[in-house]
Protein chains: 2
Amino acid sequence: MWSRKPSLKIINYKNIKPEPEMHSAKGVSVRWLITKKMGAPNFAMRLFEVDQNGSSPNHEHPWEHEVFILDGEGEVENSEGKHAIKSGDVILISSNERHQIINTGCETLRFLCIIPHIDDQRMMKNN
Amino acid sequence: MWSRKPSLKIINYKNIKPEPEMHSAKGVSVRWLITKKMGAPNFAMRLFEVDQNGSSPNHEHPWEHEVFILDGEGEVENSEGKHAIKSGDVILISSNERHQIINTGCETLRFLCIIPHIDDQRMMKNN
């Protein structure tokens, strides 16, 4: 799937299959772009696509998110309310901060979300 | 600079000042989007812009890069040769892998590069 020798890996995100996100997510798919299994020692890169009117679950977990909005617009909701987000925005969601990402625009909301590796792969799949 | 309470931080990348990259880089600037100082516990997100005909230095270091190409096209050179890259490509450069990123296109080559926190901030500035 990846090209080049193990120490340099290149792939286009469109060649990584999107998986539907479960656990109360609506219209959300995720592509695991870089994972521990692929050889990344510290953190994983995922690309999420949220359909129009879709949203991630309102949830929290003991690891942080580093997010970059690639396309679209929406909102991040936390305990303080809803905060507008759009293409080019950078978001740091600290550990144990309850959050939800909602597509309020007319196109797919597409973003990268990087997380540290955690031991339980099932937990990783649910954030 | 960042909006919202400390546990949720949102900013547009264009509001973070680009800094010229030194150390043999040609026509490269970097915006430090998320850093340890801002509260990120594990890894830093940076956005690089490489001008037409510009390039990062040919260098290596003991930490990995996780890269996502936002715009433009270019090449990654390693010990095996040059490998084409374009918008939407995902690149994992392992630790101690010599590498150089070159803009071979007609527009700015723009990419995210995420690295683990390392102790010496000066070293972080030089990768």
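Begin by selecting A:V90 in this predicted model, and then look across to β1(B), where the bridge partner of A:V90 is B:I11. Widen the selection to the two strands that carry this bridge, and β8(A) and strand β1 (residues 8-12) of chain B are found to pair in the antiparallel sense over five bridges.

Stay with A:V90 but turn to chain A itself, where A:F68 stands opposite A:V90 in β8(A). Selecting the strands here shows that β5(A) and β8(A) pair in the antiparallel sense over four bridges, so that β8(A) has a pairing with β5(A) as well as one with β1 of chain B.

Next, show the side chains of β8(A), a strand that is mostly covered, with five of its five residues buried. From β8(A), A:D89, A:I91 and A:I93 point one way, while A:V90 and A:L92 point the other way, and all of them are buried.

Now move to β1(A), which pairs with strand β8 (residues 89-93) of chain B in the antiparallel sense over five bridges. Pick A:I10 and follow the bridge to its partner in β8(B), which is B:I91.

With both of these pairings in view, select the whole contact between the chains, to which chain A gives 39 residues and chain B gives 39 residues. On the side of chain A that touches chain B, at least two residues each come from β1 (8-12), β3 (26-34), β4 (43-55), β5 (65-71), β6 (73-78), β7 (81-86), β8 (89-93) and β10 (109-116) of chain A. Colouring this side of chain A by residue class divides it into 21 nonpolar, nine polar and nine charged residues.

Then superpose the copies: a turn of 180 degrees, with a shift of 0.0 Å along the axis, lays chain A on chain B with an RMSD of 0.0 Å. The two chains are therefore related as by a two-fold axis. The same surface serves both copies, since 100% of the contact residues of chain A recur in chain B.

Finally, hide chain B and view chain A as a whole, with its one helix and ten strands. Traced along the sequence, the pattern of chain A reads β-β-β-β-β-β-β-β-β-β-α. If chain A is coloured by burial, the buried residues make up 35% of its 127 residues. Drawing the contacts in chain A between residues at least 6 apart in sequence, one finds that 61% of them join residues at least 24 apart.

Methods. Residues are numbered from 1 along each chain as its sequence is written. Chains are lettered from A and ligands numbered from 1 in the order in which they are written. This is a predicted model: local features need pLDDT of at least 70, side-chain atom pairs count only at pLDDT 80 or more; totals for chains, interfaces and linings use all residues. Two residues are in contact if their C-beta atoms, placed from the backbone, lie within 7 Å. Ala, Val, Leu, Ile, Met, Phe, Trp, Tyr, Cys and Pro count as nonpolar, Asp, Glu, Lys and Arg as charged, and the others, Gly among them, as polar. Two strands pair if DSSP finds at least two bridges between them. Copies are superposed by least squares on the C-alpha atoms of residues with pLDDT of at least 70 in both. A residue is buried if 20 or more other C-beta atoms lie within 10 Å of its own, exposed if 12 or fewer, and partly exposed in between; C-beta atoms are placed from the backbone.
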